[in-house]
Amino acid sequence: MKSIFNLIGISALTILASCGGNNKYEITATFQDTTMNGEMFYLENNDSKTIIDSAVVENGVLKFEGVAETVLPVEIKSEKMTTGSFILEPGNMTFDVENQVMRGTVLNDVWADFRVFGDKTIKEYRAQQKSIIASEAPEKVDSLLNALVEKVQAKLDVVEDSVFAANANNMVGYYVIAESYFDKKADLDSMLVNASEWTKNSQAVQKKLVHFEKLEKTAVGKMFTDFTVTMSDGKEFKLSDVVGKGNYVLVDFWASWCGPCMREMATLKEINKEFAPKGLKVVGIAVWDKPEDTKKAVEAKELPWMIVDNAQKIPTDIYGIQGIPHIILFGPDGTIVSRGLQGKELQAAVKAELSK
């Protein structure tokens, strides 16, 4: 798989360099669903979110035609559907409605192959995940799921690295960076070294750089950053209402629909039971969730600590949180003691702090 992607990537760079002055493009999508007739679609720059063109589905066919003055990351969207990411470049492109990929030009074929591989790998992962949860003993589930995640991520990383190496300086390389999650800024920086200037200056990359600035401002050892949310009952909650008041505070950012969040509740209950008598306060802040769903989960799990609902994106934007559960331990003066730990590592960190 690695060698195939490398060969395609090299071909892409060679063909684009010899395109000459013929920059015309044609995009066609055929819909079997007759209700799509008359639907207005927009061709949108996927980075700047600006509209490039519009077209209407007629007799089941959607067609865009124009001149690609520059190669751009784009998507086609309407009120009913969005195509996902593809590349506007010279040539005839066909959107595969069933598989949600664009094909027909060199870079689009590279990106489509990568997306199809990724989708297939993720589907296989979800099937294995479901099997583990259904068939394994509860005490083994977490370790087995963690091992599975590492295995699947390693498989994806190998192909992703190969695709990027062959396409670092074109729009495929842009998409690999734009649609990737980076744990460390150093990993992003290492990819940007070989990226095009367009990619380096893109809004997607700038957003990632801002994200790392937020992480730096809220890193371990830094003082907490306050925020205010209005809960579903109309009352306001400030982080400073509980943090920096002389107690250790463990804040769990979670959501009712998040499986790992629900599984982590068992650990939090153990921590709360052992350390609440010693002054630890546990606070659950529900993000990216409907208040009514949050309340149902609180009742079902019988959570004994303070719950803040309807926080949505406010705290996660400030603290640079991209995945949940995300748990932060604040010291008595409001200093961030630890963040991002779960399970036994979290228990050990809390025990170490409260034993001082």
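## A helix with two sides, a disulfide and some salt bridges

On one side of helix α9, Lys296, Glu299 and Ala300 are exposed. Keep in mind that this is a predicted model.

Now turn to the other side of α9, which runs over residues 291-301. Here Pro291, Thr294, Ala297 and Val298 are buried. If you look down the axis of α9, these buried residues fall within an arc of 120 degrees, so they line one face of the helix. What covers them? Among the elements doing that job are strands β11 (249-254), β12 (281-286) and β13 (306-308), along with helix α8 (259-275). Just after α9 comes Glu302, whose phi is positive, near 50 degrees.

Next, the cysteines. A disulfide is a covalent bond between the sulfur atoms of two cysteines. The count here comes to one disulfide, and it joins Cys258 to Cys261, with 2.5 Å from S to S. Which hand does this disulfide have? The torsion about the S-S bond of Cys258 and Cys261 is about 80 degrees, so the disulfide is right-handed. Are the two cysteines buried or exposed? Both Cys258 and Cys261 are buried.

Salt bridges come next, and the count for those is ten. Three of them are in this table, with their N to O distances:

| Salt bridge | N to O distance |
|---|---|
| Lys77 and Glu44 | 3.4 Å |
| Arg103 and Asp113 | 3.0 Å |
| Arg263 and Asp142 | 3.5 Å |

Let's start with Lys77 and Glu44, whose side chains meet in a salt bridge. This pair links distant parts of the chain: Lys77 sits in strand β5 (residues 72-77) and Glu44 in strand β2 (residues 40-45), 33 residues apart. Lys77 has 25% relative accessibility, so it counts as partly exposed, whereas Glu44, at 8%, counts as buried.

Asp113 pairs up with Arg103. Asp113 belongs to helix α2 (residues 106-135) and Arg103 to strand β8 (residues 101-103), so the salt bridge ties together parts that are ten residues apart in sequence. Asp113 is partly exposed, with a relative accessible area of 27%, and Arg103 is partly exposed too, at 29%.

Then there is Arg263 with Asp142. How many residues apart in sequence are the parts they tie together? Arg263 lies in helix α8 and Asp142 in helix α3 (residues 138-167), so the answer is 121. Arg263 is partly exposed at 30%, and Asp142 is partly exposed at 40%.

Finally, salt bridges that share partners join Glu44, Glu75 and Lys77 into one network.

Conventions
Residues numbered from 1 in each chain as written. Predicted model: local features only at pLDDT ≥ 70, side-chain atom pairs only at ≥ 80, totals over all residues. Heavy atoms only, no water. Buried < 20%, exposed > 50% of the residue type's maximum accessible area, 1.4 Å probe, protein only. Helix = DSSP H or I, 4+ residues; strand = E, 2+ residues; numbered from the N terminus. Arc of directions from axis to C-beta. Contact = heavy atoms within 4.5 Å. Disulfide = S-S within 2.5 Å. Salt bridge = Lys/Arg side-chain N within 4 Å of Asp/Glu carboxyl O.
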